[in-house]
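This report addresses the fold, the packing and selected residues of a single protein model. The sequence and coordinates are shown first.

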Amino acid sequence: MNAIGLLFTLVVSAFLLVLPRRLAAIPLLIGAAYMTRGQVLEIGPAHFTVVRILVTVGILRVLLKGERIANGMNQVDRWLVLWAVFLIASSIFHTSDAWVFRIGLMWSEVGCYFLFRVFIQDAKDVEQIFKALCVALVPIAVLMLLEKATGKNFFSILGGVEEVATFRNGHFRASGPFSHPILAGVVGATCFPMALYLWKSHRKHAVLGLFSAGGIIFASTSSGPIMMLLFILFGLALWKVRDHLRSIRWLALTAIVALDAVMKDPVYFLMARIDISGGSTGYHRAQLIRSSIEHLDEWWLAGTDYTRHWMATGIFANANHTDITNHLLGIGVMGGLPSMFLFIMVLVAGFGKVGKTLRENESASMEQRLLIWTLGAILFGHVWNFWSISLFDQSVVFFYLILAGISAVQVAKPFAVNVEVKQSVGRMRQSRYVSRLG
């Protein structure tokens with residue numbers, strides 16, 4: 001960790017300790033957004049990235065202040081804990097140092113999630129985070145747009161990212177502080193609908209958010225984030241027909257089965273035909289799924305430590321593995337089908353929480369209910385995006401932010417309050433009438 005990284009970490013950690021609870025998530029998000037994975041504090045076999053350091057500071061804060069999770073534990077929390085425990089326990093089937101890597105992974109990912117659960121406790125807190133991100137991402141968007149124009153990554157002084165931007169098909173692909181342009185674009189796609197939600201109530205924040213999120217997506221020059229945003233926008237559009245969502249799901253499932261029946265290749269090879277930005281590697285992603293099915297006997301129980309033979313190409317970072325550009329499959333490679341199942345149940349519980357909260361708040365304001373739906377739409381976009389990329393850097397923090405926001409939002413019921421007030425007024429009038437008769 002260099003002097004810049006150390007100073008940044010100390011300042012952000014101080015803010016994380018002293019800010020009020022409802023603002024404490026902001027330093028954690030800024031740490032994830034601005035620091036590369038190259039800023040690492042090594043202690044023995046453990047590697048503490050800035051995010052892991054901030055999680056440690058956040059946990060210390062929670063213990064010192066006696067803060068608690070919003071609305072108690074729910075199904076999302078329980079499934080996530082089960083997934084984390086199983087992933088660490090399955091280390092016994094892997095190399096001797098696998099448990100160190102997995103504990104670090106869970107410390108940063110699950111740690112971030114539960115800190116967000118503590119810091120974000122209601123709809124107002126979620127809206128506050130939306131506003132903060134719209135402003136906080138502006139400098140990153142500017143620097144990434146400059147990177148796309150000049151080919152120089154200004155975050156390279158922090159280490160962990162290349163100084164020269166990736167160049168493909170005549171265009172520079174900016175990554176900013178993230179490990180890959182696609183991962184940077186995922187952050188932009190996550191935050192774009194936040195700005196849309198703020199359009200009516202906080203126009204200035206919304207404009208900044210549309211510029212920053214849109215600029216990051218554009219600078220990344222990647223099909224994945226664009227497709228993710230399109231799925232999110234499609235999810236938002238379903239708000240108008242939300243009462244028919246069950247029928248739409250069955251229709252979508254029928255269409256997928258029909259396409260699989262008539263296509264020469266499996267239906268997931270549709271991603272091989274999508275190329276929005278130019279130079280997309282959709283075929284690799286589709287072939288990866290096919291190869292994982294063909295080698296299912298190698299990883300279904302508890303994962304595998306060798307996938308290099310699955311594909312014709314590997315990755316520079318690890319000679320034992322091919323490029324696992326699929327988040328769900330990456331979880332399967334680490335912990336087998338049981339691990340993949342537990343993580344999918346986390347996602348199912350997240351969507352279930354969205355539906356339950358909407359049903360319990362049918363009389364809430366349109367703005368409050370739309371906030372819940374927006375969080376669900378962003379989660380929907382992430383799920384589709386998992387088929388094309390594995391969130392292996394700090395971008396995963398923004399996924400857990402959405403999941404925690406869904407778990408925290410518990411909108412009040414104005415109708416129930418009004419009924420109680422009317423009943424109280426009615427009892428008062430009745431008592432006065434009885435006293436007059438007496």
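The sections below proceed from the overall fold to individual residues.

## Basis of the model

The model is predicted; local features require pLDDT of at least 70 and side-chain atom pairs count only at pLDDT 80 or more, whereas totals for chains, interfaces and linings use all residues. Residues are numbered from 1 along each chain as its sequence is written, and side-chain values use heavy atoms, with hydrogens and water left out.

## Overall fold and dimensions

The protein contains 17 helices and four strands. Both element types are DSSP runs numbered from the N terminus, helices being H or I over at least four residues and strands E over at least two.

The radius of gyration of the protein is 23 Å, which agrees with the value near 22 Å for a compact globule of 438 residues. This radius is taken over C-alpha atoms, and the globule rule is 2.2 Å times the number of residues to the power 0.38. Along the principal axes, the C-alpha atoms fill a box of roughly 95 × 60 × 45 Å.

## Surface, charge and burial

About 21000 Å² of the protein is exposed, and carbon and sulfur atoms supply 67% of that area. Accessible areas come from the Shrake-Rupley method with a 1.4 Å probe, and for residues only the protein chains shown count as cover. The protein carries 38 positive and 25 negative charges, whose mean positions are 13 Å apart. Lys and Arg count as positive and Asp and Glu as negative, while His and the chain ends are not counted; each charge is placed at NZ of Lys, CZ of Arg, CG of Asp or CD of Glu.

Of the 438 residues, 50% count as buried. Buried denotes under 20% relative accessible area, exposed over 50%, and partly exposed the range in between (1.4 Å probe, protein chains only).

## Contacts and nonpolar cores

Among contacts in the protein with a separation of 6 or more, 72% join residues 24 or more positions apart; a contact means heavy atoms within 4.5 Å.

The largest nonpolar core has 107 residues, and W83, F116, F343, F399 and Y400 touch the most other members. Apart from it lies another core, of eight residues, including W299, W310, M311 and V333. Such a core is a set of buried Ala, Val, Leu, Ile, Met, Phe, Trp, Tyr and Cys residues joined through side-chain atoms within 4.5 Å. Beyond its neighbours within four places in sequence, F116 contacts A25, L28, L29, V397, Y400, L401 and A404.

## Selected residues

V118, in helix α5 (residues 98-119), is buried at 5% relative accessible area. Its C-alpha atom lies 5.6 Å from that of R68, although the two are 50 residues apart in sequence. Leaving out residues up to four places away in sequence, V118 touches R21, V62, E67, R68 and I69.

F155 occupies the loop between α7 (138-150) and β3 (166-168) and is buried, with a relative accessible area of 7%. With residues up to four places away in sequence left out, F155 touches Y34, T36, I140, L143, V161, G176 and P177. By contrast, A312, in the loop between α13 (296-299) and α14 (327-360), is exposed at 77%.

## Positive phi angles

N71, in the loop between α3 (50-65) and α4 (75-89), has phi near 60 degrees, a positive value in a residue other than glycine. N71 is partly exposed, at 48% relative accessibility.

T221 lies in the loop between α9 (203-220) and α10 (223-237). Phi of this non-glycine residue is also positive, near 50 degrees, and T221 counts as buried at 12% relative accessibility.
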